[in-house]
Amino acid sequence: MSRACAATIHSAEHMKAALPAKVILRTSGFMRKSLCVVWNTSEKHPYIPSVYSQGNGKDSPKMYFLHRPADAGLLRKGEWSMKEPPYNKLFVPTYKREGAPMVRGKGMYLYDKNGRKYLDFGSGIAVTALGHSHPAIVAALRAQGSKLIHASNLYHMEPQIRFVNLLVKHSFGSRVFLCNSGTEATEAAIKFARKWATRKNRLKYHVLSFTDGFHGRTYGGLSATAQKKFHAGYVPMVPGFHYAPYDDIAATKKVLRKHDYAAVFVEPVQGESGINSAAREFLTFLRAYTNKHAIALVFDEVQCGVGRTGLLWAHQHFGVTPDMMTLAKPIGGGLPLGAVVCKDTISRVIQPGDHGTTFGGNPLACALGEVVLRMVSKKSFLAGVRSKGAYLKGRLEKLAGVHDTIREVRGFGLMVGVEMDADPSKIIAACRAQGLLVVKAGHNTVRFMPPLVVTRADIDKAVRLFSKVLGRRAR
Ligand SMILES: Cc1ncc(COP(=O)(O)O)c(C=O)c1O
């Protein structure tokens with residue numbers, strides 16, 4: 001039976017004496033005061049050391065944790081492994097995290113504290129559209145960071161004006177509300193729609209959204225998210241929210257007839273639930289119905305917007321224009337930034353004081369947003385996303401012919417989902433161990449959402465690594 005031992009060690013010599021001979025520790029530089037070593041005494045395999053450094057001052061104790069992680073064979077001698085990092089205890093466990101901390105990013109790669117590099121096909125869940133540390137992003141950070149980081153929305157700020165000008169220029173909207181995240185954009189859009197719709201009929205406050213959609217974690221966003229698993233433990237939801245099956249016109253008509261609606265929220269391409277796209281007919285139907293009944297049609301493009309699908313906005317693929325569009329994720333170049341792009345019909349009912357935010361539209365984030373929008377809105381850039389997306393999808397479809405654990409490959413531009421025949425958590429962990437980052441989504445899907453600056457060579461490498469992982473599992 002395995003048994004964990006702990007010892008407090010006070011010097012490098014003491015540590016070496018206490019450890020199994022095969023373990024080579026990187027002791028120089030960070031062994032100054034006391035060390036806490038934990039190891040498993042019954043395992044036959046060499047122990048893999050990992051380190052937890054608490055604080056960085058000279059006097060802070062350093063703690064080393066030893067155990068044999070499942071991926072022991074993949075670690076080099078002396079590497080730090082943090083399968084169950086002790087600092088997990090410091091966080092409310094809203095995320096299941098393991099492994100060494102990420103410390104650096106460059107281009108398509110993230111680097112962890114072990115110096116291991118990971119080909120990033122998740123982009124921080126569709127955020128880092130220009131890759132890591134893009135020179136234009138770094139330059140904008142430096143320039144704006146040395147000028148102004150916060151003033152308040154009581155005043156105008158130049159980067160906001162430039163950014164919003166670009167958003168209006170490149171979209172259907174005439175006015176923009178700036179916030180910090182996707183869920184805040186959802187909240188604002190719900191409020192704007194209700195204020196607009198209840199002017200003449202105070203009962204016209206209902207909101208419709210669709211199964212498998214995702215609109216955020218705050219109460220408005222959560223209430224609009226028609227997935228029970230996200231509601232569990234948090235009921236009751238906000239009153240007035242209703243759900244219909246995604247992409248099902250007949251069933252949606254029935255739910256629409258039941259109430260007086262202020263808004264219909266829909267993702268043209270659903271991200272969190274595994275890259276599912278609406279049919280053109282469905283969005284066209286929603287547009288016609290909402291026009292007829294004076295309902296605000298809101299497209300959530302938090303994940304699928306800003307070039308991800310190969311057009312600047314996902315709804316451009318369908319020829320349907322909403323009344324409002326929510327944006328976040330990639331729009332701030334890695335900094336928190338969200339936006340609601342509105343038609344004037346909606347925004348004109350909003351008065352000063354009706355809504356607000358201290359940090360929303362932070363000038364540093366807007367300066368990065370300007371860089372992102374300028375680059376991504378270029379026709380040649382978007383054509384590149386489309387052709388690289390088709391290439392990625394094609395390569396993954398070929399894999400489906402080889403690996404029968406793949407059920408389906410779905411995608412739009414560089415937003416590609418591979419549905420597996422079972423929960424892909426282990427596959428995703430194995431990909432990470434192989435140096436490839438991909439992201440889990442609903443319906444047993446592995447999401448491939450690389451930075452939009454990905455190259456075909458990066459795609460080849462990612463598909464090779466993914467295939468290797470699937471091949472291992474088959475044996
Ligand atoms: C489509 C969609 N809407 C809203 C959100 C919420 O965004 P945030 O996490 O920035 O609040 C997400 C996040 O995954 C999303 O994918």
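**Strands, sheets and a ligand shell**

Tutor: Start with strand β9, residues 206-210, in this predicted model. The strand is mostly covered, with five of its five residues buried.

Student: Which residues sit on each side of β9?

Tutor: His-206, Leu-208 and Phe-210 are on one side. Val-207 and Ser-209 are on the other. Both faces are covered.

Student: Why do they split like that?

Tutor: Because side chains in a regular strand alternate between the two faces of the sheet.

Student: Which strands does β9 pair with?

Tutor: β11, residues 261-266, runs parallel to β9 and is joined to it by three bridges. Leu-208 stands opposite Val-264 there. β10, residues 241-244, also pairs with β9 in the parallel sense, over four bridges. In β10, Phe-241 is the bridge partner of Val-207.

Student: What's the strand order in the full sheet?

Tutor: β8-β16-β15-β14-β11-β9-β10. That is an open sheet of seven strands with mixed pairing. β8 (175-179) and β10 are the edge strands; each has a single partner, so one side of each lacks a neighbour in the sheet. The twist averages 20° from one strand to the next.

Student: How does β8 pair with β16, parallel or antiparallel?

Tutor: Antiparallel, through five bridges. Phe-177 has Val-340 in β16 as its bridge partner.

Student: Which helices go with this sheet?

Tutor: Among them, α5 packs on the sheet and touches β8, β9, β11, β14, β15 and β16. The direction of α5 makes about 30° with that of β16. Helix α4, residues 158-169, lies across β8 and β16, at about 130° to β8.

Student: Switching to the ligand. What surrounds it?

Tutor: A shell of 14 residues. The closest are Ser-181, Gly-182, Thr-183, Val-302 and Gln-303. By class, the shell has three nonpolar, eight polar and three charged residues.

Student: Which element gives the largest share?

Tutor: Helix α5, residues 182-197, with three residues. That is the helix touching β8 and β9, among others.

Student: What about the sheet with β17?

Tutor: An open sheet of four strands, ordered β17-β18-β21-β20, with antiparallel pairing. β17 (406-412) and β20 (439-441) are at the edges; each has a single partner strand, so one side has no neighbour in the sheet. Neighbouring strands are turned by 25° against each other on average, direction ignored.

Student: How many bridges join β17 and β18?

Tutor: Six, in the antiparallel sense. Glu-408 has Glu-419 in β18 as its bridge partner.

Student: Which helix lies across that sheet's strands?

Tutor: α12, residues 379-402. It lies across β17, β18 and β21, running at about 175° to β17.

Terms used. Residues are numbered from 1 along each chain as its sequence is written. This is a predicted model: local features need pLDDT of at least 70, side-chain atom pairs count only at pLDDT 80 or more; totals for chains, interfaces and linings use all residues. A residue is near a molecule or strand if its C-beta atom, placed from the backbone, lies within 6 Å of it. Helices (H or I, at least four residues) and strands (E, at least two) are DSSP runs, numbered from the N terminus. Ala, Val, Leu, Ile, Met, Phe, Trp, Tyr, Cys and Pro count as nonpolar, Asp, Glu, Lys and Arg as charged, and the others, Gly among them, as polar. Two strands pair if DSSP finds at least two bridges between them. Axes are lines fitted to C-alpha atoms, for helices over the stretch in contact, and angles run from 0 to 180 degrees between N-to-C directions. Two residues are in contact if their C-beta atoms, placed from the backbone, lie within 7 Å. A residue is buried if 20 or more other C-beta atoms lie within 10 Å of its own, exposed if 12 or fewer, and partly exposed in between; C-beta atoms are placed from the backbone.
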